[in-house]
Amino acid sequence: MKNTVFLGTLTVAGLCAAAASAATLDDVKARGNLNCGVTTGLTGFAAPDANGVWEGFDVDVCRAVAAAIFGDKNAVQFVPTTGETRFTALSSGEIDLLARNTTWTMSRDTDLSFDFIGVNYYDGQGFMVPKNLGVTSAKDLDGATVCIQTGTTTELNLADYFRANNISYEPVPIQTNAEAQQQYLAGACDVYTTDASGLAATRATFEAPADHVLLPEIISKEPLGPLVRHGDNEWGDLTMWVLNALIAAEELGITSANIADMSAAPTNNPEVNRILGTEGELGAMIGLENDWAKNAIMAGGNYGEIFERNIGENTPIGLARGLNAQWTEGGLLYAPPFR
Amino acid sequence: MSDTDSQVTNAYFRETMLAQQTPPVTETGAIKWLRENLFPTWLNGIMTIVALYAIWFILSHIGPWFLNGIWDAQSLSECREIRDATLGPDASAACFAVISDRWQQLVFGFYPQSAYWRPTLAFFLMLAGLAPVLFGAIPRRWLTASMLTPFVIYFLLWGGSVWVPAFIALGFVVGGLTARVLGRLNQMVALIGTVLIVGLYWAFIAVPLANAVHSILPIGIMAIPSSEFGGFMLSVVIGMAAIILSLPLGIVLALARASDLFLVNKLAIGFIEIIRGVPLIVWLFTASLLLNYFLPPGTNFDLTLRVIIMVTLFSAAYIAEVVRGGLAAVPKGQYEGADSLGLDYWQSMRLIVLPQALKISIPGIVNTFIGLFKDTTLVVFIGLLDPLGLTNSIRASTDWNGIYWELYVFIGLMFFIACYAMGRYSMYLERKLQRENR
């Protein structure tokens, strides 16, 4: 009897879930804000400031989507998620968009029923060693002790890489990045390995950052991107094109400084006009006003500006564009045409 | 006479008192104390020296770090600059500036700054409401006011319409009246009827009625969703709510487990054993992840409330076991005496058995509460930003990345104060009840 009730509730809940997830955009509009999942705190990518205002590279993606929908970059409810809760929060509908530096993998895209809407940061696993160790390549690390977070893909990547190169190492398992920093600085391990962006952020906090070097080898592909639930293609399209608009804006030279002028009257570049809504009806195709992209870009600037402000070379984190440069400059960013 | 006597020299007795001498140095003052307490034997002496060395070692490392603490800086690198300028680069100095920079966040989380007065007022109301419960010297009639404080606190923290908590509180009045009316018929009818009517009232009448009244007479303050709660405020909200709710629930469960009624007894055993047999972190994941799948999306059942419910159930199971121990320790004669006086079950429990059982259980109950309060930090694993969760967020800002001990020391100190106060209260209560019992 109890079981039947329980299963019945589950079925009803499941049906409701299927019915409700059909039109995320309508739900978001009715609610008046976007529920965006972020990390509970990752340097440069998402963190609250002293006043509790979230900022960071991933946060700006959320803000751009909110601005595209509402014209208000603050119409976002940030939901801090952990590595364990992030996927359930998204699939249960607690959040509409997950921008939590999540690696795009096949199983997450298919088996977990999500859709990655693009890549906002191309990362890869790297190594950091103290300079006085005299190591210049990961291939020299034979017999080294390596600080590694357990239960992550980094652990598997490391094992694969060292086995492929036939070198031995001794892992020092650790739980969190904070613990890793302490262990590494205390000399419990020779090498610390995690995503290259994380290594750079970590090194920036050291008392003497110059005493540590990042090795040139990047041993894995970690395309980090925002994702949405599978099954609501309209919502997926909307978020994907907001991200594309930010990338295209940099390519076309639309910045937060000149966007007011450029959107005031049609320019002589038709694609810029189509993005900014002074020409064509692209906004209607994703169910938004025609100034959607203009609002999204005004929220935090184009992709390049967002990058520079949060993690770029002038911040303490100091990441170079590398793979994250425009395709015209040797990077991988390549937004499809707006037409 | 006496003169001549005194001049007799006698080898066998002394005629005058010796002047009082100071006791030997080893038997007086600090040296005696040291000898008796620190160096009574060789072994103890060695242990004392080792212990003193250990204390000195710890203090000499922590002391300068603590005393050199820098309280006024905007970032960790600025802290390091100040230290280099004033103490030299090799000195160890804590950077407590992170606490002065972020203490509001550590205390209130993301609560809007313009509304900080609300949790502050709620905190003092909580203390005021607890006082009559905790200390017998305060007149009993204040207890009525204490019963109202949870609703006022809910209103202050969550905001919104004043009528929602008001009409929910009214449910207790409805329940009291029903119990009185039905009580004239039969106890069992009264119990079932009250639970049924109050349940129906809360489920279907209270909130629509509150909304209706609100549309006529809108009184309220800005509603603040509990996702804005954080820091110590979140710990205290979860901890206190769970403490206050789990005690009555735990007592009921303990009585149910000691009951002769087959169904009641087995249900209580099942509930207690299942809840107690699974780690709290699993229940928290259940609250945060599984319930989302069961509830239709869009209902958006407040995560903080879900956590409060789970923590309450968890601690109620422990309280039930502690109280059951107390019930078992009350001599059988007390139960029989109550029966022979013609008291019914509830009267005998209320007047004879429970007061004695609860008195015995005080240390265990407070122990459970202390554990519960500290366990609230586990919510960090489901993405709620309690003080420990905030340490990660604070570290994630480029200003404070790389700061550890200062935050943990501060948070540890705050938890210590709360838990130590609870422990002292428990000892006070034991002493007081001991005296009355003599």
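Helix α6 of chain A, residues 153–164, lies across four strands of that chain, namely β8, β9, β10 and β11. Relative to β9(A), the helix runs at about 150°. I should state at once that this is a predicted model.

The strands beneath that description belong to an open sheet of five, in the order β10-β9-β11-β8-β12 of chain A, with mixed pairing. The edges are taken by β10, residues 169–174, and β12, residues 212–214; each has a single partner strand, so one side of each is left without a neighbour in the sheet. On average, neighbouring strands of the sheet are turned by 30° against each other, direction ignored.

Let me take the pairings in turn. Strand β9(A), residues 144–149, runs parallel to β11(A), residues 191–195, and two bridges join them. Here A:Val146 is placed opposite A:Val191 of β11(A). The pairing of β11(A) with β8(A) is antiparallel and extends over four bridges. Within it, A:Met128 has A:Tyr192 of β11(A) as its bridge partner. On to β12(A): three bridges connect this strand with β8(A), again in the antiparallel sense. A:Pro130 faces A:His212 of β12(A) across that pairing.

How much of β8(A) is buried? Five of its six residues are, so the strand is largely enclosed by the rest of the structure.

I turn now to another strand of chain A, β1, which covers residues 34–39. Six of its six residues are buried, and the strand is therefore largely enclosed by the rest of the structure. Strand β1(A) has parallel pairing with β4(A), residues 76–81, through six bridges. One position in that pairing is A:Asn35, which stands opposite A:Gln77 of β4(A). Strand β1(A) also runs parallel to β5(A), residues 97–103, with two bridges between them. There, A:Cys36 is bridged to A:Leu97 of β5(A).

Next, the domains of chain A. The assignment gives domain 1 as 24–122 together with 223–329, and domain 2 as 126–220. Their C-alpha centres are 31 Å apart. Nine residues of domain 1 and five residues of domain 2 make up the contact between them. On the domain 1 side, the residues that touch domain 2 comprise five nonpolar, four polar and no charged.

Which residues have the most contacts inside the largest nonpolar core? They are A:Cys62, A:Leu246 and A:Ala296, in a core of 95 residues. Both domain 1 and domain 2 of chain A give residues to this core, so it lies between them. Beyond four places away in sequence, A:Ala296 touches A:Ala64, A:Ala67, A:Ala68, A:Val242, A:Ala245 and A:Leu246. Another core, of 79 residues, lies apart from the one just described; among its members are B:Leu76, B:Phe232, B:Val236 and B:Leu354.

That brings us to chain B and its contact with chain A. Chain B gives 30 residues to this contact, and chain A gives 39 residues. Which elements of chain B give two or more residues to the side that touches chain A? These are α4 (76–86), α5 (97–108), α12 (280–294) and α16 (387–396). By residue type, the chain B side divides into 13 nonpolar, 13 polar and four charged.

Chain B is assigned four domains: domain 1 (22–63), domain 2 (106–111 + 227–438), domain 3 (119–158) and domain 4 (160–221). Taken over C-alpha atoms, the centres of domain 2 and domain 4 of chain B are separated by 26 Å.

I close with a single residue, B:Gly250, located in helix α10 of chain B, residues 231–257. Is B:Gly250 buried or exposed? B:Gly250 counts as buried, because 26 C-beta neighbours lie inside 10 Å, where the threshold for burial is 20 or more. Setting aside neighbours within four places in sequence, B:Gly250 makes contact with B:Ala316, B:Ile319, B:Ala320 and B:Val323. By contrast with those contacts, a C-alpha separation of 44 Å lies between B:Gly250 and B:Leu59, which are 191 residues apart along the chain.

Technical notes
Residues numbered from 1 in each chain as written. Chains lettered and ligands numbered in written order. Predicted model: local features only at pLDDT ≥ 70, side-chain atom pairs only at ≥ 80, totals over all residues. Pairing = 2+ DSSP bridges. Axes fitted to C-alpha atoms, helices over the stretch in contact; angles between N-to-C directions. Contact = placed C-beta atoms within 7 Å. Nonpolar A, V, L, I, M, F, W, Y, C, P; charged D, E, K, R; others polar. Domains from an automatic or database assignment. Buried ≥ 20, exposed ≤ 12 C-beta atoms within 10 Å, placed from the backbone. Core = buried A, V, L, I, M, F, W, Y, C linked by C-beta atoms within 7 Å.
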